[in-house]
Amino acid sequence: MHEKSIELLNKAVADELYAVHQYMYFHFHCEDQRYELLAGLFIRTAIEEMGHIELCAERILFLDGEVEMVASAEVKKIHEVKKMLELARKMEENSVKDYNIWANECSANNDAGSRMVFEGLVGDEERHYSQYDDEVVNIEKFGDRYLALQSIEGSKSAAAASAATTAE
Ligand SMILES: [Fe+2]
Ligand SMILES: [Fe+2]
């Protein structure tokens, strides 16, 4: 009955799966470079995107559709922190744009339930956009000092953790 909604919800699942993969990839690399704050931001956001997959999947099943679990893109192997954040910000910007359009499309097809799912996602993606944007702005404003500070904090906590293990 709601074929178009099912198609749009599956497109969202594909984009969210790609976001989970990309943000987890960034999480590993930030952690490796000891940028713990950013590593934490990427993993927390990835977990929220997983929640989005669940919301879309539940709606697809409610509409008697099938959930296609295929990511919309391959992970981009970016290791430079500023470039990671710029890509993540762009991904969120695109999600906000797409979900607004898809909310309207569902509404035009008399499917208020799916419209509400997309509207809920818009709020979260706007918040993600703003978090990534703040980080890009900080790097632009404070340059390498901002990242150096995070790196120092990272090695301090690694040293504290290893001291705690030795003391046990
Ligand atoms: Fe999302
Ligand atoms: Fe997001």
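Is Asp 64 buried or exposed? Asp 64 is exposed, because just 9 other C-beta atoms lie within 10 Å. The scale behind that label calls a residue buried if 20 or more other C-beta atoms lie within 10 Å of its own, exposed if 12 or fewer, and partly exposed in between, with C-beta atoms placed from the backbone. We'll come back to Asp 64 once the rest of the chain is in place.

First, some housekeeping. This is a predicted model, where local features need pLDDT of at least 70 and side-chain atom pairs count only at pLDDT 80 or more, while totals for chains, interfaces and linings use all residues. Residues are numbered from 1 along each chain as its sequence is written, and chains are lettered from A and ligands numbered from 1 in the order in which they are written.

Now the overall picture. The protein chain has five helices and zero strands, so reading from the N terminus you meet α-α-α-α-α. Helices (H or I, at least four residues) and strands (E, at least two) are DSSP runs, numbered from the N terminus. The C-alpha trace spans about 60 × 40 × 25 Å along its principal axes. Of the 168 residues, 28% count as buried. Among the contacts between residues at least 6 apart in sequence, 76% join residues at least 24 apart; a contact here means that two C-beta atoms, placed from the backbone, lie within 7 Å.

Start at α1, which covers residues 3–32. Its 30 residues reach 44 Å from first C-alpha to last, close to the 44 Å expected at 1.5 Å a residue. That expected span is 1.5 Å times one less than the number of residues. Met 24 is found in α1 and counts as partly exposed, because it has 18 C-beta neighbours inside 10 Å. Its C-alpha is 6.4 Å from that of Ala 46, although the two are 22 residues apart in sequence.

Just after α1 comes Arg 34, in the loop between α1 and α2. Its phi is near 65 degrees, a positive value in a residue other than glycine. With 17 C-beta neighbours inside 10 Å, Arg 34 counts as partly exposed.

Helix α2 takes in residues 36–62, Ile 53 among them. Ile 53 is partly exposed, because it has 19 C-beta neighbours inside 10 Å. If you leave aside neighbours within four places in sequence, Ile 53 is in contact with Val 13, Glu 16 and Leu 17. The C-alpha atoms of Ile 53 and Ala 14 are 8.5 Å apart, with their positions 39 residues apart along the chain.

This brings us back to Asp 64, in the loop between α2 and α3 (81–108). Asp 64 has a positive phi of about 65 degrees although it is not a glycine.

Next, the packing. Two packed helices are described by the angle between their axes and the distance between the axes. Axes here are lines fitted to C-alpha atoms, for helices over the stretch in contact, and angles run from 0 to 180 degrees between N-to-C directions. Angles under 35 degrees count as roughly parallel, over 145 as roughly antiparallel, 65 to 115 as roughly perpendicular and the rest as oblique.

The axes of α2 and α4 come within 11 Å and cross at roughly 170 degrees, which means α2 is roughly antiparallel to α4. The residues of this contact divide into six nonpolar, six polar and four charged. For those classes, Ala, Val, Leu, Ile, Met, Phe, Trp, Tyr, Cys and Pro count as nonpolar, Asp, Glu, Lys and Arg as charged, and the others, Gly among them, as polar.

For α3 and α4, the axes come within 8 Å and cross at roughly 160 degrees, so these two are roughly antiparallel as well. Their contact has 15 nonpolar, five polar and 11 charged residues.

The last pair is α4 (residues 112–142) with α5 (residues 144–167), whose axes come within 6 Å and cross at roughly 110 degrees. They are therefore roughly perpendicular to each other. Asn 138, Ile 139 and Phe 142 of α4 meet Arg 145, Tyr 146 and Leu 147 of α5. By class, that is four nonpolar, one polar and one charged. As for α5 itself, its end C-alpha atoms are 34 Å apart, which agrees with the 34 Å that its 24 residues should span at 1.5 Å a residue. This helix is hardly covered: zero of its 24 residues are buried.
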